[in-house]
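Let's take a walk through this structure together, from the inside to the surface. Have the sequence at hand as we go.

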Amino acid sequence: MSDFHAPLRYRLITGPDDAEFCARVSGLLNQGYQLHGSPALTFNGERVIAAQALVLPHLVDAEASEGSAS
């Protein structure tokens with residue numbers, strides 16, 4: 001069983017391009033995540049859907065260091 005309370009090093013946030021989506025991304029930025037790449041937008045016939053990747057740099061750096069320690 002996975003631990004949903006542990007921070008993930010990579011997140012892909014998707015949803016309607018609205019204030020709630022922006023608040024979700026802003027909340028993750030406040031937690032230390034950084035934007036990774038450009039946002040993607042598509043239209044589903046009713047509304048614009050956005051996607052934004054975010055990474056947590058200190059977890060990415062730690063995992064890279066562990067992998068090169070062999």
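What follows is a short tour of the core, one of its residues, and a patch on the surface.

Please keep in mind that this is a predicted model. A good place to begin is the largest nonpolar core, which is built from eight residues: Ile-13, Phe-21, Val-25, Leu-28, Tyr-33, Ala-50, Leu-54 and Leu-56. Both H1 and E3 supply at least two residues of this core, and the biggest contribution comes from H1, with three residues.

Let's pick out one member of that core, Val-25. Look for Val-25 in helix H1, which spans residues 19-30. Is Val-25 buried or exposed? Its relative accessibility is 10%, and because buried means under 20%, Val-25 counts as buried. Which residues does Val-25 touch, once those up to four places away in sequence are set aside? The partners are Ile-13, Leu-35, Gln-52 and Leu-54. Of these, Ile-13 and Leu-54 are also listed among the core residues. You can also trace a distance from here: Arg-11 lies 14 residues from Val-25 along the chain, and their C-alpha atoms are 9.9 Å apart.

Now let's turn to the surface. Here Leu-41, Phe-43 and Val-48 form a nonpolar patch, and together they have about 300 Å² of accessible area. One of them, Val-48, belongs to strand E3, which covers residues 48-55. With a relative accessibility of 35%, Val-48 counts as partly exposed, because that label applies between the 20% limit for buried and the 50% limit for exposed. Strand E3 therefore holds a residue of the surface patch, Val-48, while E3 also supplies at least two residues of the core.

Notes
Residues are numbered from 1 along each chain as its sequence is written. This is a predicted model: local features need pLDDT of at least 70, side-chain atom pairs count only at pLDDT 80 or more; totals for chains, interfaces and linings use all residues. Side-chain values use heavy atoms; hydrogens and water are left out. Patches are made of residues with over 30% relative accessible area and no salt bridge: like charges are joined within 9 Å, nonpolar side chains (Val, Leu, Ile, Met, Phe, Trp, Tyr) within 5 Å. Accessible areas come from the Shrake-Rupley method with a 1.4 Å probe; for residues, only the protein chains shown count as cover. A salt bridge is a side-chain nitrogen of Lys or Arg within 4 Å of a carboxyl oxygen of Asp or Glu. Helices (H or I, at least four residues) and strands (E, at least two) are DSSP runs, numbered from the N terminus. Buried means under 20% relative accessible area, exposed over 50%, partly exposed in between (1.4 Å probe, protein chains only). Contact means heavy atoms within 4.5 Å. A nonpolar core is a set of buried Ala, Val, Leu, Ile, Met, Phe, Trp, Tyr and Cys residues joined through side-chain atoms within 4.5 Å.
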